[in-house]
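User: Could you take a close look at one part of this model for me? I'd like to hear about the helix packing, and then how a few other spots compare in their surroundings.

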Amino acid sequence: MSGSGGGCGGCSIRAIWILNSLDAVVFSRRFPVVEKRWRTACRSENEKVTENSLSYSVFSLFPSDSELAAAFVERKQREGSARGFGIRVSQSSVGSDSWVDDPITRHIIGLYINKEEEGDNNLLWPLILHIKGNYCILILPLVEPRHVKAYARLCQRSDCGNAVGADESLSSLLVDLPSITGAFMVAHAIGDIVAGDAVEPEVLVSASPSVGGLLDSLTGSIGISGISSRAKPVAAPVASSIPSSTAVTGAVAVDAPKIGSRPLDKDTLRTFISSSMPFGTPLDLSYSNISAIKVNGFSSSDLPPADLKQPAWKPYLYKGKQRMLFTIHETVNAAMYDRDEIPDNISVSGQINCRAELEGLPDVSFPLTGLNAAHVEVLSFHPCAQVSEHGADKQAVMFSPPLGNFILLRYQASCGHGPPIKGFYQLSMVSEDKGAFLFKLCLMEGYKSPLTMEFCTVSMPFPRRRVVSFDGTPSIGTVSTTEHSVEWKIVSGGRGLSGKSIEATFPGTVNFAPWQTQRLPSSRSFLGSIADEDSDVETENSNNMVNMEEFIMEKMINDLPPVDLEEPFCWQAYNYAKVSFKIAGASLSGMSVDPKSVSIYPAVKAPAEFSTQVTSGDYILWNTLGKCPSAAAEKV
């Protein structure tokens, strides 16, 4: 999927809805021009209906806000949650999204609108569902009626999954719909605005520029003062792109509505929508560009040369000291099991953030290296970029840069250096309110300078229990507790780890507040009940202890309140630890940009700077003594 700085080719939006945590529509926008095109297409399609085709006409009427909210609630009840099951389960019914048996139906959903005059088949599809903060955002792009009919057939199919050689599948249907990608871009742009996360990507500098220049680079400000010779006020403020404390520590990101989100700014939304997607056609989804235009307007000094066409993603021309900044930002996700039967899994999600402080409308080109070493699986570019077929280890990239910071490309790759943290975590409940744990980790094994680990923290979360105390001393680092977690700081700020590896161990126990639910029977009465039930069987004390621990774990799990499908890491509540870290010096995938290879046309003297930043995403150590989810390996 392309970055959010440019337009969405071939995409038109029929409508936008935003629902709050009470499933009430708090904002909606319809685009009559696009809707007129939909109704015309429906009339043409419905005239083709024959006895051999799907026996209903395409739903052409537009639902009211209350009808849409009612349909959304009905789907939540039918599918178990806002997103739904995503796969066919015993609760799935014919015609539902989960009946299609494809996880993408957790993000691209269909609603059945209750309109008696239209009959029973009032399918509204495809609706892009994006959950951000306290809101569910629904985007309805324009597709052809035949595509809606094709999805309706998939919802009625008796077999499940995407069978090889099947005539129709959801994947092949979506490939034929570029508007889906554009609608996702719109959903994420609106989600960032309603959640107050509308920021530009972070671009770091390795040199020592002026204080103003450094701040400009870190915060992602578009540097309005340097755009034109006339003074202009700064654009509407957006949240800083410097990671917050929660982002730095890499807390588990749960894509479910949260309590306490800020109120919806409808005026800001209306302004953004009317400016970024006039008549339902997305042109420029950059919030900073739209804000700058709203605040600053245009003057004769902002006009580009007559022989040049100014792209939508660059509403103003830069004037000032010229330079290029590139930052590779990678996020490492891992599931570490330390089990023979389950292989560890580690992957890298990366992006190259760029800031081109260049006058005029130049073209920039450079070779992207490291593709072979990174084993790149997915590579997507900003709409401003033009790319040729890449070679074995290089990819030529040419682009006309937007104003301010932007994401030039995104990629998925493997971790060429191996896991930065490996080892195991064990937790065993020795009583109802006490657990014994053990960590044995190795940090930065095989990593050489200039790679430097700036900090590393391990967290044991206990979302269903209140931590009273812990006992234990790690071999390195410090330990602290919160109400629902134990935090182990192995590498702290100012003491970076570079050019060597270290081993860290941490044995200990953690004590919890007593359960508030039904109390467990004592071990004496529990063991007595076992003997009473089966008095003919003699059991050794060691087996009794094992059975006791199994009983405690099973009882505690049963006492846990049901966990929503949206919170997979809270499943059974005791089975993982999370590692948070930051590494500087180079990318872990091997992707790189050589500043000396960056060329600008027309030629101009503009130094190029390159930096990297690697942070943890969901880096999970699963409890080797507990249950854990894992993907089934493909059988060849």
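Analyst: Here's a walk through a three-helix region, followed by some stops elsewhere in the chain. Keep in mind throughout that this is a predicted model.

A bit of context to begin with. The protein chain has twelve helices and 24 strands. Of its 636 residues, 48% count as buried. Among contacts in the chain with a separation of 6 or more, 74% are between residues 24 or more positions apart.

Now for the helices. Two packed helices are described by the angle between their axes and the distance between the axes. Take α5 (residues 178-194) and α8 (residues 266-276): they pack at an angle of about 155°, with their axes 10 Å apart. Since angles over 145 degrees count that way, α5 and α8 are roughly antiparallel to each other. The crossing of α5 past α8 is right-handed. On the α5 side, the contact is made by A189, I190, I193 and V194, and on the α8 side by T268, L269, F272 and I273. What sort of residues make up the contact of α5 with α8? Seven are nonpolar, one is polar and none is charged.

Next comes α8 against α9 (residues 287-296). The angle between α8 and α9 is about 100°, and their axes are 10 Å apart. With 65 to 115 degrees as the range for it, α8 and α9 are therefore roughly perpendicular to each other. From α8, the residues involved are T268, T271, F272, S275 and S276, and they meet Y287, I290 and K294 of α9. The mix for the contact of α8 with α9 is three nonpolar, four polar and one charged. Look at T268 and F272 when you have the structure up: both are listed in the contact with α5 and also in the contact with α9.

So how does α9 itself sit? Seven of its ten residues are buried, so α9 is largely enclosed by the rest of the structure. Those buried residues are Y287, S288, N289, I290, S291, A292 and N296, and they pack against α5 and α8. After α9 comes G297, with a positive phi near 70°.

Let's move on to the aromatics. The structure holds 14 aromatic pairs. In one of them, the ring centres of F462 and F512 are 4.9 Å apart and the planes sit at 70°, so the pair is edge-to-face. F462 lies in the loop between β15 (452-461) and β16 (467-471), while F512 is in strand β20 (residues 502-512), so this pair ties together parts that are 50 residues apart in sequence. F462 is buried at 1% relative accessibility, and F512 is buried too, at 5%. There's also an aromatic cluster to find, formed by Y425, F437, F439, W488 and F506.

The backbone has some spots to check as well. Between S449 and P450 the peptide bond is cis, with omega near 20°, and P450 is found in the loop between β14 (434-443) and β15. M444 lies in that β14 to β15 loop. Its phi is positive, near 60°, although M444 is a residue other than glycine. M444 counts as buried, at 1% relative accessibility. A cis peptide bond also joins Y601 and P602, with omega about -5°. You'll find P602 in the loop between β23 (599-601) and β24. Then there's D23, a non-glycine with a positive phi of about 65°, placed in the loop between β1 (13-19) and β2 (25-30). At 15% relative accessibility, D23 counts as buried.

Two single residues round this off. T615 is in strand β24 (residues 608-622) and counts as buried at 18% relative accessibility, the cut-off being under 20%. Leaving aside neighbours within four places in sequence, T615 is in contact with H329, E330, T331, V332, F581 and K582. S98 is found in the loop between α2 (65-79) and β3 (108-112), and is buried with a relative accessible area of 0%. With neighbours within four places set aside again, S98 is in contact with E79, F85, G86, I87, R88 and S92. For S98 and E79, which are 19 residues apart along the chain, the C-alpha atoms are separated by 7.1 Å.

Terms used:
Residues are numbered from 1 along each chain as its sequence is written. This is a predicted model: local features need pLDDT of at least 70, side-chain atom pairs count only at pLDDT 80 or more; totals for chains, interfaces and linings use all residues. Side-chain values use heavy atoms; hydrogens and water are left out. Axes are lines fitted to C-alpha atoms, for helices over the stretch in contact, and angles run from 0 to 180 degrees between N-to-C directions. Helices (H or I, at least four residues) and strands (E, at least two) are DSSP runs, numbered from the N terminus. Angles under 35 degrees count as roughly parallel, over 145 as roughly antiparallel, 65 to 115 as roughly perpendicular and the rest as oblique. A crossing is left-handed if the near helix is turned anticlockwise from the far one by less than a right angle, and right-handed if clockwise. Contact means heavy atoms within 4.5 Å. Ala, Val, Leu, Ile, Met, Phe, Trp, Tyr, Cys and Pro count as nonpolar, Asp, Glu, Lys and Arg as charged, and the others, Gly among them, as polar. Rings of Phe, Tyr and Trp (its six-membered ring) pair if their centres lie within 6.5 Å; planes under 30 degrees apart count as stacked, over 60 as edge-to-face and the rest as tilted. Buried means under 20% relative accessible area, exposed over 50%, partly exposed in between (1.4 Å probe, protein chains only).
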